[in-house]
Amino acid sequence: IFLFNIVAVFIFPAIGRLLGLSDTGFGLWAGTAVNDTSSVVAAASAWSEAAGNNTALALATIVKLTRTLLIIPVTIVLAIYMARVHRGSNADGSHKGSFNFVKIFPWFVIGFLVAAIVNSFVPLPFGLPRILSQCGKFMIVMAMAAIGLSTDLKSLVSSGWRPVALGAACWLAVAVVSLAVQNFSGLL
């Protein structure tokens, strides 16, 4: 999946231009069709740099972070469901299927919420938001480089073409469905 997220960083802006997407349309598309947050931000940054504004970047980031926040209720509902389905005890006496909120909660979301609250309600010194924005972009580039450098290409190739084909099919389906939904809802 990450392989195709990297591809999206490079080709989504070009495809968006070919399709005549607006800044809003591209932001919605990148935010919904690209899976990894750093890849969403990278693709939308490339679009926004070319457009000369931050509309696509802001919208793509909001859409992606909204998707990320949906992890909370989905995780809680699935954990409760699985705890009820798998009742009983394990061989060591621990309870099978017990619900532990601390273990299942995606704690990184707290960082997103704190950053949003601080940015919305705390007056920051002049110039600090721009510096933080530049630092954020740099860290995203570094994170993507680190992931790319740690990718085991030998393992990817040895696993065969089927996983790559499945990833490509899923990636393409999500990208097309995202554009179709925008089209049918009148946003495209």
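Where in the chain is the place of Trp107? Keep that in mind as you look at this predicted model; here are a few notes to read beside it.

1. **Finding Trp107.** This residue sits in the loop between helix H6 (101-104) and H7. Try locating the end of H6 and following the chain onward from there.

2. **How covered is Trp107?** Its relative accessible area is 46%. Buried means under 20% and exposed means over 50%, with partly exposed in between, so Trp107 is classed as partly exposed.

3. **The patch around it.** Trp107 also belongs to a nonpolar surface patch of about 1,100 Å². Its partners there include Leu69, Val102, Ile110, Leu113 and Phe121, along with Val122, Leu124 and Leu132. Helix H7 gives the largest share of this patch, with six residues.

4. **The overall fold.** Now step back and look at the whole chain. It has 10 helices and zero strands, so if you read the elements from the N terminus on, you meet α each time. The C-alpha trace spans about 60 × 50 × 40 Å along its principal axes. Of the 188 residues in the chain, buried ones make up 26%.

5. **The largest pocket.** About 1,000 Å³ of space lies in this pocket. Its lining is made up of 28 residues, and those nearest the centre are Thr61, Leu65, Ala115, Asn119 and Ser133. Four helices each give two or more residues to the lining: H3 (37-51), H4 (55-69), H7 (108-121) and H8 (128-150).

6. **H7 again.** You have already met this helix in the nonpolar patch, where six residues come from it. In the largest pocket, H7 provides eight lining residues, the largest share. It is a good helix to colour when you view the model.

7. **What kind of lining?** Sorted by class, the residues around the largest pocket are 15 nonpolar, 11 polar and two charged.

8. **A look at Ser178.** Is this residue buried or exposed? Ser178 is found in helix H10, which covers residues 161-184. Its relative accessibility is 8%. Since buried means under 20%, Ser178 counts as buried.

9. **Far in sequence, and in space?** Ser178 and Phe2 are 176 residues apart along the chain, and their C-alpha atoms are separated by 18 Å. Have a go at finding both residues in the model and drawing the line between them.

How values were computed: Residues numbered from 1 in each chain as written. Predicted model: local features only at pLDDT ≥ 70, side-chain atom pairs only at ≥ 80, totals over all residues. Heavy atoms only, no water. 1 Å grid on protein atoms, 1.4 Å probe; cavity = no way out; pocket = protein on both sides within 12 Å on 5 of 7 lines; lining within 4 Å. Points joined across faces, edges and corners; volume = space filled by probe spheres on them. Nonpolar A, V, L, I, M, F, W, Y, C, P; charged D, E, K, R; others polar. Patch = residues over 30% accessible without salt bridge, like charges linked within 9 Å, V, L, I, M, F, W, Y side chains within 5 Å. Areas by Shrake-Rupley, 256 points an atom, 1.4 Å probe, with all protein chains shown as cover. Salt bridge = Lys/Arg side-chain N within 4 Å of Asp/Glu carboxyl O. Buried < 20%, exposed > 50% of the residue type's maximum accessible area, 1.4 Å probe, protein only.
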